[in-house]
Amino acid sequence: MVYKNILFNKDKPVMHRNFAIKGSYAVEAAFIVPVILGLVFAMIYMLYYLHDRAVLYGNMQTAVINAAEGRKEYKDNKEWQEAMQENMWIFKVKSGEISQNKLYIKSDVKAECRLDIPVVKYFMDNKQEIAIEDRYLAVHPEYIVRAEGIFSNE
């Protein structure tokens, strides 16, 4: 739609201006910008989520191997949770425990994150959780096989 703006100076027109009003750009931008920002924030959050999940699993494996080989002894579950929290960016460890019997070492960890970012709330829940549970063999068959004199013909 084109409007003509005419400014008059008593007898004759002084200036003519054509104004083209385009509302479609504002409407499209009002829809597209939040969607693109939401997708960008969701991708960044997914990178943080995957990082913390991999770090948590790596911490759990390292701690269990240290416990199995006798390098580290965890006094209680709080010390286990603190060991699991190392190098995590956005998640906080809420619970976790390690237990050992004659055959297996069992470990589990639960971490939680709450994000209150307004745009991200439309795309995903603001509370995310990671729960990892794993069992490791406490018996070391390689030590048994390598024991002195087991397979000798003497």
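**Notebook: pocket, helices and selected residues**

Entry 1, pocket lining. I listed the residues around the largest pocket and got Ala67, Lys72, Glu73, Tyr74, Lys75, Asp76, Asn77, Ile98, Ser99 and Gln100. The model is predicted, and I read the entries below with that in mind. I sorted the lining by residue class and found three nonpolar, three polar and four charged residues. I then asked which element gives the most to this lining. Strand β3, residues 92-100, does, with three residues. For the volume I noted about 160 Å³ of space in the largest pocket. Rolling a probe the size of a water molecule over the atoms shows where empty space is left.

Entry 2, overall layout. I counted three helices and five strands in the chain. Their order along the sequence is β-β-α-α-β-β-β-α. The chain has 154 residues, and buried ones make up 23% of them. I put the accessible surface of the chain at about 11900 Å², with 56% of that belonging to carbon and sulfur atoms. I also looked at contacts between residues at least 6 apart in sequence, and 49% of these join residues at least 24 apart.

Entry 3, helix α1. I checked the length of α1, which covers residues 24-68. At 1.5 Å a residue, its 45 residues should span 66 Å, and the end C-alpha atoms are 66 Å apart, so the two values agree. Just after α1 I noted glycine 70, whose phi is positive at about 80 degrees.

Entry 4, leucine 56. This residue sits in helix α1. Is leucine 56 buried or exposed? Its relative accessibility is 1%, so I logged leucine 56 as buried. Setting aside neighbours within four places in sequence, I found leucine 56 in contact with Met84, Met88, Val93, Val109, Ala111, Ile130 and Ile132. One of these partners I followed up by distance: the C-alpha atoms of leucine 56 and methionine 88 are separated by 7.3 Å, although the two residues are 32 apart along the chain.

Entry 5, isoleucine 65. I looked at a second residue of helix α1, isoleucine 65. Its relative accessible area is 42%; partly exposed covers the range between 20% and 50%, so isoleucine 65 falls there. I computed the C-alpha separation between isoleucine 65 and isoleucine 105 as 9.3 Å, with their positions 40 residues apart along the chain.

Entry 6, helix α2. I listed the buried residues of α2 as Glu79, Trp80, Gln81, Ala83 and Met84. What do the buried residues of α2 pack against? I found α1, β3 and β4, the last being residues 104-114. I singled out glutamate 79, which lies in α2, residues 77-84. Its relative accessible area is 19%, and buried means under 20%, so glutamate 79 counts as buried. Not counting residues up to four places away in sequence, glutamate 79 touches Lys72, Glu73 and Tyr74. Lys72, Glu73 and Tyr74 are also among the residues lining the largest pocket.

Entry 7, asparagine 87. I went on to the loop between α2 and β3, where asparagine 87 lies. Its phi is near 65 degrees, a positive value in a residue other than glycine. I computed a relative accessible area of 57% for asparagine 87, and since exposed means over 50%, I logged this residue as exposed.

Key: Residues are numbered from 1 along each chain as its sequence is written. This is a predicted model: local features need pLDDT of at least 70, side-chain atom pairs count only at pLDDT 80 or more; totals for chains, interfaces and linings use all residues. Side-chain values use heavy atoms; hydrogens and water are left out. Helices (H or I, at least four residues) and strands (E, at least two) are DSSP runs, numbered from the N terminus. Buried means under 20% relative accessible area, exposed over 50%, partly exposed in between (1.4 Å probe, protein chains only). Contact means heavy atoms within 4.5 Å. Accessible areas come from the Shrake-Rupley method with a 1.4 Å probe; for residues, only the protein chains shown count as cover. On a 1 Å grid over the protein atoms alone, a cavity is a set of points where a 1.4 Å probe fits but cannot get out, and a pocket is an open set with protein on both sides within 12 Å along at least five of seven lines; lining residues have an atom within 4 Å of a point. Grid points are joined across faces, edges and corners, and a volume is the space filled by probe spheres set on the points. Ala, Val, Leu, Ile, Met, Phe, Trp, Tyr, Cys and Pro count as nonpolar, Asp, Glu, Lys and Arg as charged, and the others, Gly among them, as polar. The expected span of a helix is 1.5 Å times one less than its number of residues.
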